[in-house]
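Visitor: I am new to this structure and would like a careful walk through it. Could you show it to me before we begin?

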Amino acid sequence: MLSPGFYQRYQRSLIEPDWAIDLRHILIIYDLLSSGMFRHALEIGAHYGASTCAFVEAAEHSSDLRVTVCDSTITSVVRELVQRSAAAPRCQLLECDSFEALQQLRERRMPVDVALLDGSHVFYRNATEAALLRCLGTRTLLLHDICTTSHDRYGRNHEFDGPTKLLERLQSASGWFAVEDSKLRDGERTEGGFALVTRNREIWERAVEVFSAWTSLPKADLRRATGATDQG
Amino acid sequence: MPLPCLVNTLGMRFRLVPAGLTRIGSPLDEHKRSVTDLDRRSEMIARPFWMAETPTTRREYLAVIGECPSHFTEDFGGHSGDTCLSSECPVESVSWNKANEFCERLSRVPAERQAGRRYRLPSEVEWEHACRAGAETAFSIGTDLPSDCANFDGTFPYIDGPPGTYLQRTSPVRSYCPNAFHLFDVHGNVWEWCADLFCPDALTSAAAAPRVLRGGGWHSYARTCRCSARDAGEPDIGYFDQGFRIVCVLEAD
């Protein structure tokens, strides 16, 4: 269950530019992370904290969950969001390049169960992040903006084809399970696409349920579920 | 003077890569260097070794394993005009475990045993030494990799310039010029498994620890096809751009 007044609490992060992750996908992340299936979740690319809300909120509701947020610049919004959380002792901020963050986690012997890749969208960087995550035992990835090369929203821009190409590659092998949402919905930004890919069938089955629940909800119900008002 | 050549019972051709001191890894100032590259250093290759001229093809894989995985088509050996159907394309979608099984099974073929030959994956030092063929530049052919010299995503060239070709699939081996050791497809086409662990301190079980891939593939940017570029792969997974190249060991050696 989300905190009462979720929307108001995280409003500074949720009112975001057009390219930010959609509320619907944020709620998918929250539900997955609070499912008890992960012990350490890593967010690469926080910016104003739209998806960070889901990580922090999940940590508050799952006492076993540890969260690491990494960005080359940690904005004051994200810093406050984390510091004011009841789960702050289990949340760490790494203000550095994702490669450096992954190296630090390896040196500190901190396995990562699940990682959201939403920093750079350049393939070689995402592929390198995926390689370094393999050293951390990561078996579940969350990918935002998987439709950059196919959707007008991005001008079909191949400069930002990282999530698309990484997903293609993972899906080419048996042994990875995937579920995605990239439906165009009026007034939302879900068409950028969001996917979960995992080596774990149980996690995938749970993810299919979570994706199905949140993607079938009308936007008005979605906003109500988060406590958003018409003004909010 | 061309390197000595050996041909096994499958018709696989091998070149005798010379021993000696070799320079591997990339210098810190190499253009588009990656954090996963090994640092530039000297390594001693103690003995010459027989390296396959090409990545293992679909024909060779089928002959040894009896089946041939492929992302592209099940129509093995077809003649539709799509070169992806060619049995001379490198096998892809092969895991590290399967690549090792290929080596073991080929080593057990009676004619190979009789000839005193066994097979294994190269170490990554051997792989890079063979790929470079003496070059200390980013690519075995020099400081750039035009898309008419290898099969990779030419949309993203190494040196800024007009985009090149992107085939979006594997191509038959030997379609591009070989390096100075007469090895083909050392850049692009398929990533090639090496024997080594990618990171010895991986936070996984030993069996699941990621292994090294080298050379880049058809799906890669030019920068990840550099001689020193590395990727990591789960040993039980084979992606559509992952194959392997083998080393032949002569018992007489």
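Guide: Just after helix α1 of chain B (helices being DSSP runs of H or I with at least four residues, strands runs of E with at least two, numbered from the N terminus), B:G66 takes a positive phi of about 90°. This is a predicted model, in which local features need pLDDT of at least 70, side-chain atom pairs count only at pLDDT 80 or more, and totals for chains, interfaces and linings use all residues. Residues are numbered from 1 along each chain as its sequence is written, chains are lettered from A and ligands numbered from 1 in the order written, and side-chain values use heavy atoms, without hydrogens and water.

Visitor: Which residues of helix α1 of chain B are buried?

Guide: Buried means under 20% relative accessible area, exposed over 50% and partly exposed in between, with a 1.4 Å probe and protein chains only. In α1, which runs over residues 58–65 of chain B, the buried residues are B:R58, B:E60, B:Y61, B:V64 and B:I65.

Visitor: Why do they count as being on the same side of α1(B)?

Guide: The arc is that of the directions from the helix axis to the C-beta atoms. Because they cover an arc of only 160° around the axis, they lie on the same side of α1(B).

Visitor: Is B:G233 buried or exposed?

Guide: B:G233 has its place in strand β9, residues 230–233 of chain B. Leaving out residues up to four places away in sequence, B:G233 touches A:R134, B:W193, B:P210, B:R211 and B:L213, where contact means heavy atoms within 4.5 Å. Because its relative accessibility is 0%, B:G233 counts as buried.
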